[in-house]
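User: I would like to go through this model step by step, with the reasoning behind each value spelled out. Could you take my questions one at a time?

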Amino acid sequence: MPATRCVVLEAFGAPVVLREVEADGAGPEPGEIVAAVEYGGVCGTDVHLQAGRLPIPLPLVLGHEGVGRASALGPGVDRDALGATLAAGDRIAWASNIACGVCPYCRDEQEPTLCERRRIYGINRPLGQPPHLTGSWAERIRLEAGTTVVRLAEDQPPAAVIALGCAGPTAVHGLLHIAPVRPGESVVVQGAGPVGLAAAMYAQLAGARPVIVIGAPAARLRLAEELAVGDEQLDIDELDVDERLARVRELTRERGGDLVVECTGAPAAVSEALDLARPGGRVLVLGQYTDHGPTPLNPHLITRKQLTLLGSWAFSAGHFVEYLRTLPQLRARFPLERLVTRFPLERAQAAIDAARAGEVGKAVLAP
Ligand SMILES: [Zn+2]
Ligand SMILES: [Zn+2]
């Protein structure tokens, strides 16, 4: 295999660097696929990885969201996860994680998201260990045996797939499985980043109304409004906590949201969610992927309002497949491609910075 240009995180808190990686010369092993990356998504998690907020091995080729073309298939690889034929040249997307299949959560609880030994591209597969090319912020990625791969229809723009790279399957897990949305429910989404927008889209697809998106900055909310993501967008830079609560009550016949979905990653938002939910309502915590510490909240509200509190962690390969299966319906309603801003590999640090600042809907590296 020729040398491959990869974006590598070498030290926490330092800018990422572009490196040429000499990968093993041999072609793909049994069960493996080598793919030429078309897009590697920049996820909020990448911002946290660079800051050192998760214990991960370094140096690491970043990128756990990816779309590309299969360039070489190892022996035994001829079908995708849905049973469709797979050949070199096909456009594919792959799930970021591989559950072990044998730990108690995988085997007995059927909860692969809680797997104790998940392998995750671009997060816990360091550059120093085979198969080396394990991140999508690179010209090539080597997909290990056991990876969930789905062939994409040629009429499906790859930018639409990557627009909700992690956010789509995360929202599938939360809003279709952990806290299923019912038609006609009012849904309040806290956060206007990719996870918040994906949660709002799935709520709308499920028939919720109104869907109220609360977030910042203004540019992101404008984009949400343009794409008709959410029926109402409330700007936290313009409305304080009391004003937001008053507005949500006004929009929900003075009750509060049937379902409040926290997608911000800010601990204080969970406390606000208890206020925003109606009596008897549900609160789904989806956004606290990294640990930002404890927050004061009033547990009396949980009892007096008889709230149901739910948590949803990441997503499984199955949720990823479900995201791709529901993508045509999402695309029919929302022009997902418009969320995407492309950066070349050389500008990976600028892409991370743009994602951190919320300047773009979705930053994507295009090798
Ligand atoms: Zn497991
Ligand atoms: Zn992610």
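The questions and answers below concern a predicted model.

User: Which residues coordinate the zinc ion (ligand 2)?
Analyst: The donors of the zinc ion (ligand 2) follow the spacing C-x20-H-x101-C along the chain. In this predicted model they sit at 2.0 to 2.2 Å from the ion, and the donor atoms are SG, NE2 and SG. In that order, they belong to Cys 43, His 64 and Cys 166.

User: How many residues apart in sequence are the parts that the pair His 64 and Cys 166 ties together?
Analyst: His 64 lies in the loop between β4 (60–61) and β5 (65–73), while Cys 166 lies in the loop between α3 (158–163) and α4. Both residues are buried. Because the two belong to these separate loops, the pair ties together parts whose distance along the sequence is 102 residues.

User: What end-to-end distance should helix α5 (residues 194–205) span, and what does the model give?
Analyst: Helix α5 has 12 residues, and at 1.5 Å a residue, counted for one less than the number of residues, the expected span is 16 Å. The end C-alpha atoms of α5 agree with this expectation, since they are also placed at a distance of 16 Å.

User: Is α5 mostly covered or mostly open, and how many of its residues are buried?
Analyst: The buried residues of α5 include Gly 196, Leu 197, Met 201 and Tyr 202. What covers the buried residues includes α4 (167–178), β11 (187–190), β12 (211–215), α6 (218–226), β14 (257–262) and α10 (317–333). The helix is therefore mostly covered, taking buried as under 20% relative accessible area, and the number of buried residues among its 12 is nine.

User: Which residue that follows α5 has a positive phi?
Analyst: After α5 the chain reaches a residue whose phi is near 95°. This residue with a positive phi is Gly 207.

User: Which element gives the most residues to the lining of the largest cavity?
Analyst: The largest cavity holds about 100 Å³ of space and is lined by 15 residues, of which Glu 65, Gly 66, Trp 94, Gly 165 and Phe 320 lie nearest its centre. By class, this lining has 10 nonpolar, four polar and one charged residues. At least two lining residues come from each of β5, β6 (91–94), α3 and α10. The element that gives the most, with three residues, is β5.

User: Is Gln 156 buried or exposed, and what is its relative accessible area?
Analyst: Gln 156 lies in the loop between β10 (149–151) and α3. Leaving aside neighbours within four places in sequence, Gln 156 is in contact with Arg 91, Val 161, Leu 327 and Arg 331. Since buried means under 20%, Gln 156 counts as buried, with a relative accessible area of 11%.

User: How much space lies in the second largest pocket?
Analyst: The second largest pocket is lined by 13 residues, and Ile 120, Ile 123, Asn 124, Tyr 289 and Trp 313 are the closest to its centre. Its lining has nine nonpolar, one polar and three charged residues. The space in this pocket is about 260 Å³.

User: How far apart in space are Arg 118 and Cys 103, C-alpha to C-alpha?
Analyst: Arg 118 is found in the loop between α2 (104–107) and β8 (119–120), and it counts as buried at 10% relative accessibility. Not counting residues up to four places away in sequence, Arg 118 touches several residues, among them Asn 97, Pro 112, Asn 124 and Trp 313. Arg 118 and Cys 103 are 15 residues apart in sequence, and their C-alpha distance is 9.9 Å.

Terms used:
Residues numbered from 1 in each chain as written. Chains lettered and ligands numbered in written order. Predicted model: local features only at pLDDT ≥ 70, side-chain atom pairs only at ≥ 80, totals over all residues. Heavy atoms only, no water. Helix = DSSP H or I, 4+ residues; strand = E, 2+ residues; numbered from the N terminus. Buried < 20%, exposed > 50% of the residue type's maximum accessible area, 1.4 Å probe, protein only. Contact = heavy atoms within 4.5 Å. Donors = N, O, S within 2.8 Å, 3.2 Å for Na, K, Ca; no water. 1 Å grid on protein atoms, 1.4 Å probe; cavity = no way out; pocket = protein on both sides within 12 Å on 5 of 7 lines; lining within 4 Å. Points joined across faces, edges and corners; volume = space filled by probe spheres on them. Nonpolar A, V, L, I, M, F, W, Y, C, P; charged D, E, K, R; others polar.
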